[in-house]
Every structure is written in structure tokens, then in C-alpha cells.
Amino acid sequence: MLNLDKDRFIKIQSGAVSFAGEARALMHRLLADGVERLYFMGTGGVQLLTLPAIELAERRTSFPVRGEYPAQVVLDPPAGLDRKSLVVIPSLSGTTRESVQLLSFLKQRGVRTLSLTGHSDTPLAREADFTFTNFAEDDTSSESFYLQSLLIVLALLAERGEYEDFDATVAELKRLPELLVGAKAAYEDSAAKLADTIKNETYHIFTGAGSVWPQAYYYGMCILEEMQWIRTRPVHAADFFHGTLELVEPGVSVFLFKGEDASRPLGDRVENFIKRYTDKVHVLDAASVELPGISPAVRKLISPIVLATLLERVSAHLEVLRNHPLTTRRYYKRVEY
């Protein structure tokens, strides 16, 4: 497979799954100590990777679980951001400026913090009340942060008696890193063809629903816009017929992501429509990926992880075909803003 270190990938994702026991113990401790609210506050794309876990919590528990933008929180904090709150701050670098500022702000208010980083000797890893570091880099971070945030929410649910299958789910997730490598290999030829098909496209609509909507948003904004300078229009499948449908015509590229949760019919509806009006339809379906030994219940939880791992293969080919490395930036961390 093009530019893929399989052993490195497996090690990183296995590291993410290894957080399960620590997450469960931490949730047990904090709930006993009076924590009543859970927030995820990441900056940029990493915050999108926490959204499936947040939505899972919203569907499974009345315990407040929310997402907030760090840069906005320090200017206009939400009500209840106090000692009874736990704020999870994910950051691959551990140095993200807005997140470091957020941590200082939260410490002044007595808010308890958990950092999730890819590097240990960093401000967020050193200064948060609790920290979990799992080395990762850009091409492996999506799956890692999806897994870590999922485990936090599953641990919360388990400690509240709202999820009885925590240990069984973790046992299945331990198999996932190897299975994802297999999924990459099986998709490699298709990824190369898709990258070749879209290499000269200047605009795409991205859509999806449920747990895969954040991946549609993430791939459009963080990969194609930031890393390839290609214009995109991410839109939730539930909103597709309230504006964006009028932009669909022959020649318009539309990416549809489909997961395996209860929101799948929303994707089906979009698919039935777009295939009638444009000749450039690209459907990525988590249900099409073989994952031996992963139960239907767990597959519903990991659809965005599966799609992220397939799309990494597309990105690997796209940067070569376009002669535009994914690390190339004009402005991000290069100019003052």
C-alpha cells in the first residue's frame, strides 16, 4: 500500500484502545467525586472527531455531554462550567494555542480537565489534571481520537449502568487495528481510482448523517480544504433538501458517507436523489467493509472510524497525483492570525 507503515498504524490504534481501562477508572472516580457534566473542547478538526461520541451520549443518557469551541468558551463560557464539570481537551500536538489558553482559563475556574494528546512533553499533557498520551501523526490521528472519545463516553455510560457491554465492546475493539489494515488493503485499488477521478475537481459537496456526518465535515474541511486547497460544501444529510439540493446538477461532485446506525435512511434518501441529477456521485459505505468478528452493535459505533481509515488511502494517492503534499500550508501556523 502506498506510503503506509502497517506496524506503525496498528501500534497507534492499539494504543488508543488501551485507554479503555484508564477511561473506565477515571469515570468511576469522577462520578463518585461529584462530576455532573462532561464537555469535549477541541480546536479545529480534532473537535469534529469527538462529535460521534457526543451524539452517542445524547442518544443514550440524560447525563449532560456537550461540545464547545475553546476560542469561544474563553470569551463567553457556558453555564455550569465549574468544579462539577470535566472538560476533555484533545490535541494531537498538545500545543494548540486556543486549547492551551482554554486550559489556563479552566484552571482558574476550578474545572477538572483531561487532555488527550499525541505527545507527552507538551503544555496540555503536562498541565491538565488528567492526561492520556497516545503518539500519533496526521495520517493516523483520526481513528485514534475517534476511539479515545468513544471510550470515554462508553465508560461514562457503563459507570451509570446505561451500557452493560463495555468489556465485550473493548474486547472487539482490540481486534479493530488489524482489521482496519485489512480494510485499507482491500480498498487500495478503489482509493487509487477515486483519487485519480477527483484529482482535478475544484469543488465537492460532502454529506452524511448520524455518526458519519462529522467525518464528511472533517474530510471536506480538514483534508481537502486545508491540505489540498480544494473548495468543499459539507452539509448534513438531514439538511440536504433544504438548500443544497439546488446546487446539484450534471458535473457537480457529491460525496455521500453512509454509516450503520439509525440515521442510515437519511443517506439513502440523498443517494436516491443525487444519482438522478449528477454523474459524479461517490458513495463510501461503512457497511460494505468486511470486519470479521465485529458484532453489528459495535459496527454501529465505529462507522466513522471505518470511513476515516478508507479515506486515508484516498488522501495518500491524491497528494501524489496532485503533487501537493498533505503537509503543505499557506497560512496555517505559518503567518500570524
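The questions and answers below concern a predicted model of one protein chain.

Q: What radius of gyration does the chain have, set against the value for a compact globule with 337 residues?
A: Along its principal axes, the C-alpha trace of the chain spans about 55 × 50 × 45 Å. For 337 residues a compact globule would have a radius of gyration near 20 Å, and the value for the chain agrees with this, being 20 Å.

Q: How many helices and how many strands does the chain have?
A: The count covers helical runs of at least four residues and strand runs of at least two. On that basis the chain has nine strands, and its helices number 13.

Q: Among contacts in the chain between residues at least 6 apart in sequence, what percentage join residues at least 24 apart?
A: A contact here requires heavy atoms within 4.5 Å. Of the contacts in the chain between residues at least 6 apart in sequence, the share that joins residues at least 24 apart is 79%.

Q: What share of the area exposed by the chain do carbon and sulfur atoms supply?
A: Buried residues, those under 20% relative accessible area, make up 55% of the 337 residues in the chain. The chain nevertheless exposes about 14,800 Å², and the part of this area supplied by carbon and sulfur atoms is 49%.

Q: How far apart are the mean positions of the positive and negative charges of the chain?
A: The chain carries 38 positive and 44 negative charges, with Lys and Arg counted as positive and Asp and Glu as negative. The separation between the two mean positions is 2 Å.

Q: Over residues 27-167, how far apart are the end C-alpha atoms?
A: An unreviewed UniProt entry lists these residues, 27-167, as "domain: SIS". Over this range the chain is 46% helix and 17% strand, and the distance between the end C-alpha atoms is 15 Å.

Q: Against which elements do the buried residues of H4 pack?
A: Helix H4 covers residues 51-60, and within it Pro52, Ala53, Ile54, Leu56 and Ala57 are buried. The packing partners of these buried residues comprise two strands, S1 (37-40) and S2 (65-67), together with helices H3 (45-48), H8 (138-159), H11 (213-228) and H13 (296-321).

Q: Is Leu194 buried or exposed, and with which residues is it in contact beyond its neighbours within four places in sequence?
A: Leu194 lies in helix H10, which runs over residues 176-198. Its relative accessible area is 9%, and therefore Leu194 counts as buried. Its C-alpha atom is separated by 38 Å from that of Asp167, a residue 27 places away along the chain. Once neighbours within four places in sequence are left aside, the residues in contact with Leu194 are Tyr187, Phe255, His282, Leu284 and Val314.

Q: Which residues are in contact with Thr96, leaving aside its neighbours within four places in sequence?
A: Thr96 is placed in the loop between strand S3 (85-91) and helix H6 (97-108). With a relative accessible area of 15%, Thr96 is buried. Leaving aside neighbours within four places in sequence, its contacts are with Thr43 and Ser91.

Q: Where is Asn323 found, and what is its phi?
A: Asn323 is found in the segment after H13, and at 69% relative accessibility it counts as exposed. Although Asn323 is a residue other than glycine, its phi is positive, with a value near 50 degrees.

Q: Is Lys333 buried or exposed?
A: Lys333 is found in the segment after H13 and, without being a glycine, has a positive phi of about 60 degrees. Because its relative accessibility is 55%, Lys333 counts as exposed.

Technical notes: Residues numbered from 1 in each chain as written. Predicted model: local features only at pLDDT ≥ 70, side-chain atom pairs only at ≥ 80, totals over all residues. Heavy atoms only, no water. Buried < 20%, exposed > 50% of the residue type's maximum accessible area, 1.4 Å probe, protein only. Rg over C-alpha atoms; globule rule 2.2 N^0.38 Å. Areas by Shrake-Rupley, 256 points an atom, 1.4 Å probe, with all protein chains shown as cover. Charge placed at Lys NZ, Arg CZ, Asp CG, Glu CD. UniProt positions renumbered as here; feature names shortened; annotations may be inferred.
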